[in-house]
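Here's a quick tour of a structure for someone who'd rather look than scroll through numbers. Have the sequence and the viewer open side by side.

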Amino acid sequence: MRVTSMMQNTQLLQNLRNNNRDIIDWQNKLATGQRIHRPGDDPVGIGYLMRYNSELNRSSEFLENAQTGLGYLNTMDELMQQSSDVLKRARVLVQQAANGTMPDDNRKQVALEIQQLKEQLVMIGNSTFAGRYLFNGQKTDVPPYSKTSPHLDQTDAGVIFMNVSPSVSVPISLTGEQIFGQAGTANNVFQVFDDILAHLNGNQPDELAKDLEKIDQCADRISNCWAEIGARTNRLELVENRIEDQIITLQKLRAEVGSVDTAEVIIQLQQKENVLQASISVGARIMQVSLVDYLR
Amino acid sequence: MTSTFHGLETAKRALLTQQVALQTVGHNISNAATVGYSRQRVNMVATSPLEMPAFRNSTMPGQIGTGVEYDSITRIRDSFLDLQFRRENQTLAMWEVMEQTFTSIEGLLNEPSDSGLRAVMDKFWNSLEVLNRDPSLLSARIDLIGAAVNLTDTLNSIDKGLTDITSDLESNITATTVQINSLTQKIADLNALIKRVEGPNQNANDLRDQRDLLVDQLSELVDVNVSTMADGSYTIVVAGVTVVEGNDSVQIDEGIADQASSGKLAGYVRSFAEVENVRTQLNAMVSTLVTGEMKVTLGNGYMTSQPMVAENNVTLSDGTVIPGGQTIPAGSTIVSPAEFKVQGFNGLHRLGYTIPDAETDIPFFTTENGDAEFTIGNIRVNPVVKNDTNKIAASGKYEIQDGKRVTVRGNGDISFALTNVRDYVFTFPSNMTTLASGTIDDFFRAFVGNLGTLSNNATQNVRNSQDLTYSAELMRQQVSGVSLDEELADMIRFQHAYNAAARNMTTVDEMLDRIINQMGIVGR
């Protein structure tokens, strides 16, 4: 084979070009920690990488949905506690008042306290979470119960759902009528309180004894709702944990596809650097040698 | 009979011939670094000996040599290697252009990153999720508008970027044809010059080198086919058109670009097609997202404000059941889940009601120019919605209060359905894309993966062609390149031959001196 000076030159340049290209490639990977910088780097991997990124973004939204739902349910849980306490107190009072030996004046005093308890219940019914009325279905901007005639107020039947995964949405809200009884019926907790007030003011201990039963019915209804809220809270907590696990899994998967193995890259880079140095020094040495130096 | 002065003549011929050889060595050394130069050789032959056959021959024995002469100076070059080099070079040039185009497109899409189209789309879907979390929340609505404007801006800027790439390609095609015309003009001129110069024992070596270099340059621009004519001229065909024949060249225009099979010109044309393909695919995605047919189920029921047709049997609030396919009158309150066929994101948004007074039939996206067909260039967020966040129709229910419609603010039936658009498996227009069906996210991922494959392929092809071009060039260098060591060795050879010839002449001179001046003088 004939070797000409131009060949030596071309070959050295070509080798330097190749080595430098590889070095830049590895350097970029090391500097960014990312294995894929453009779709062409790994046409299959990029699909997975994009999917994991999207899923991660989406999961954080689902997580927030679940957390919002939990906030909702925790507030409702407290409110059920309060309602239950109100009814317990009302039951004690009515029981005392149902006793025929209680003087009439005392019943008036009991009536005053019952009135307060009723107002307390209306307040509970009008509670808000993050500025939204909890017990008026989807009409979150309208308070469900009026002060004057809460027993006749119909609440919105709409349900508020939270998305917790692409195909699962969990119902969160309970309507006022589910908790406090259907509007206008005898079982409605506000109607019961109105009846009690009437019986207290009218001094009807026998009727009051019957009212006790209605209070129990109301308390049962609230307990049922309370249990429902507890069940939903459990479910959302499970969902929350699952989403958090999922986020960790996704992060791991993303790292496997997209991140570089630093140790490997450093070794590769070192190797390429050695080759580059070798090719530069050999090239420089060989190109200096010429017959000219040896001719007189 | 040889002449008395025969020796002088022989030595003179040697001196002259070695001098030419030394001059050629000098020429080679001077051009050791000249691109396209092929080394030259002086072809020396012994001159005709005495005596050649003729009418009268002496009876003298032997054939007496008469010295040396050169019959030509030729360049050392293998035209087969030229052919190989040009073939690889034009493929390389084409793939280099393709690779550049794909790199530009990849840069434009900016994947994977936190600011590419995927991230922007994620943001858009997520803000729908925020809206669904609390449809009455003003900040959720503002967030959605921001994300949607960001999405349309990103799509518009990709469109602008693609247009920039195509207009660059167009101007490059024009510039390349100008270059081709200039090169073919020069080749035709050299054809004429070479024909004039060359004759018996005359080789236009350096002119031929120049011409070959021009053809090499031409091969970078377009596929080129060279045939050498009997008179030494090149006939050149590029992209199927004869552009040089004898002393004449034909000017070409951009029209030939479509016929180019390789070279930069073909690269530009193919890049053009790839860019348009990218645009078409993205258009298919956008138009499917905004107006593609989809079925949606409104789980909480829905309140109609105009006569509608559901896909399934629905129960109204008054207990009537309307079978699927039959018209549900306007103003009905549906209490069962209702499945409707709608035209994409816009169609779904049109079903919803704005706050506070339940306006409906408002498209979420509009086109800039009012076209029915959505593209990445003309898609905009409906200005009506953009300027008034209340016009985001998240609710699917309204009430009549005092004869006026009042939207149920907390109802998120439509916003819920809008979040589900992300998971809906659309059918994509078959005339625009090869991906038959999938979600919008799937489509974009598949599209980016496909782009990655094409780009990766282009990069691989560039590397392969680079290697092939490089090895063809190396083989050419092996044959035609100047080796300085070789030239220096030759220089010594010719120098010695020259010195020896001079010495020989001195000897003949002394011999003649002996005869003429010193012979026959005895007794004088």
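Which residues of α9(B) are buried? They are B:Asp413, B:Ile414, B:Ser415, B:Ala417, B:Leu418, B:Thr419 and B:Val421. So helix α9 (residues 413-421) of chain B is mostly covered, with seven of its nine residues buried. Buried here means under 20% relative accessible area, exposed means over 50%, and partly exposed is in between (1.4 Å probe, protein chains only). Helices (H or I, at least four residues) and strands (E, at least two) are DSSP runs, numbered from the N terminus.

A word on the ground rules: this is a predicted model, where local features need pLDDT of at least 70 and side-chain atom pairs count only at pLDDT 80 or more, while totals for chains, interfaces and linings use all residues. Residues are numbered from 1 along each chain as its sequence is written, chains are lettered from A and ligands numbered from 1 in the order in which they are written, and side-chain values use heavy atoms, with hydrogens and water left out.

**Chain B overall**

Chain B holds 11 helices and 18 strands. Its radius of gyration is 42 Å, well over the 24 Å that the globule rule gives for 524 residues, so chain B is more spread out than a compact globule. That radius is taken over C-alpha atoms, and the rule is 2.2 Å times the number of residues to the power 0.38. The C-alpha trace of chain B spans about 165 × 40 × 30 Å along its principal axes. Even so, 49% of the 524 residues of chain B count as buried. For contacts in chain B with a separation of 6 or more, 68% come from residues 24 or more positions apart; contact means heavy atoms within 4.5 Å.

**Two helices side by side**

Take helix α3 (residues 117-133) and helix α10 (residues 440-480), both of chain B: they pack at an angle of about 175 degrees, and their axes are 11 Å apart. Axes are lines fitted to C-alpha atoms, for helices over the stretch in contact, and angles run from 0 to 180 degrees between N-to-C directions. That makes α3(B) and α10(B) roughly antiparallel to each other, a label for angles over 145 degrees (under 35 is roughly parallel, 65 to 115 roughly perpendicular, the rest oblique). On the α3(B) side the contact uses B:Leu117, B:Arg118, B:Met121 and B:Trp125, and on the α10(B) side B:Ile440, B:Asp441 and B:Phe444. By class, that's five nonpolar, no polar and two charged residues. Ala, Val, Leu, Ile, Met, Phe, Trp, Tyr, Cys and Pro count as nonpolar, Asp, Glu, Lys and Arg as charged, and the others, Gly among them, as polar.

**The cores**

A nonpolar core is a set of buried Ala, Val, Leu, Ile, Met, Phe, Trp, Tyr and Cys residues joined through side-chain atoms within 4.5 Å. The largest one has 172 residues, and A:Ile114, B:Phe124, B:Ile236, B:Leu282, B:Phe340 and B:Phe365 touch the most other members. Helix α2 (residues 43-98) of chain A gives the largest share of this core, 21 residues. A second, separate core of eight residues includes A:Leu16, A:Ile23, A:Trp26 and A:Val260. Leaving aside neighbours within four places in sequence, the contacts of B:Ile236 include B:Ile187, B:Val215, B:Asn225 and B:Thr242.

**Backbone oddities**

Most residues other than glycine have a negative phi, and most peptide bonds are trans. These spots stand apart from that:

| Site | Value | Location |
|---|---|---|
| B:Glu111 to B:Pro112, cis | omega near -10 degrees | loop between α2 (79-109) and α3 of chain B |
| B:Ile355 to B:Pro356, cis | omega about 0 degrees | loop between α7 (344-351) and β13 (365-367) of chain B |
| A:Asn203 | phi near 55 degrees | loop between α5 (189-201) and α6 (205-258) of chain A |
| B:Asp361 | phi near 65 degrees | loop between α7 and β13 of chain B |

A:Asn203 is partly exposed at 22% relative accessibility, and B:Asp361 is partly exposed at 39%.

**Two residues to click on**

B:Thr166 sits in helix α4 (residues 138-197) of chain B and is buried, with a relative accessible area of 8%. Beyond its neighbours within four places in sequence, B:Thr166 is in contact with B:Phe272, B:Val275, B:Glu276 and B:Arg279.

A:Glu113, in helix α3 (residues 104-125) of chain A, is partly exposed at 28%.
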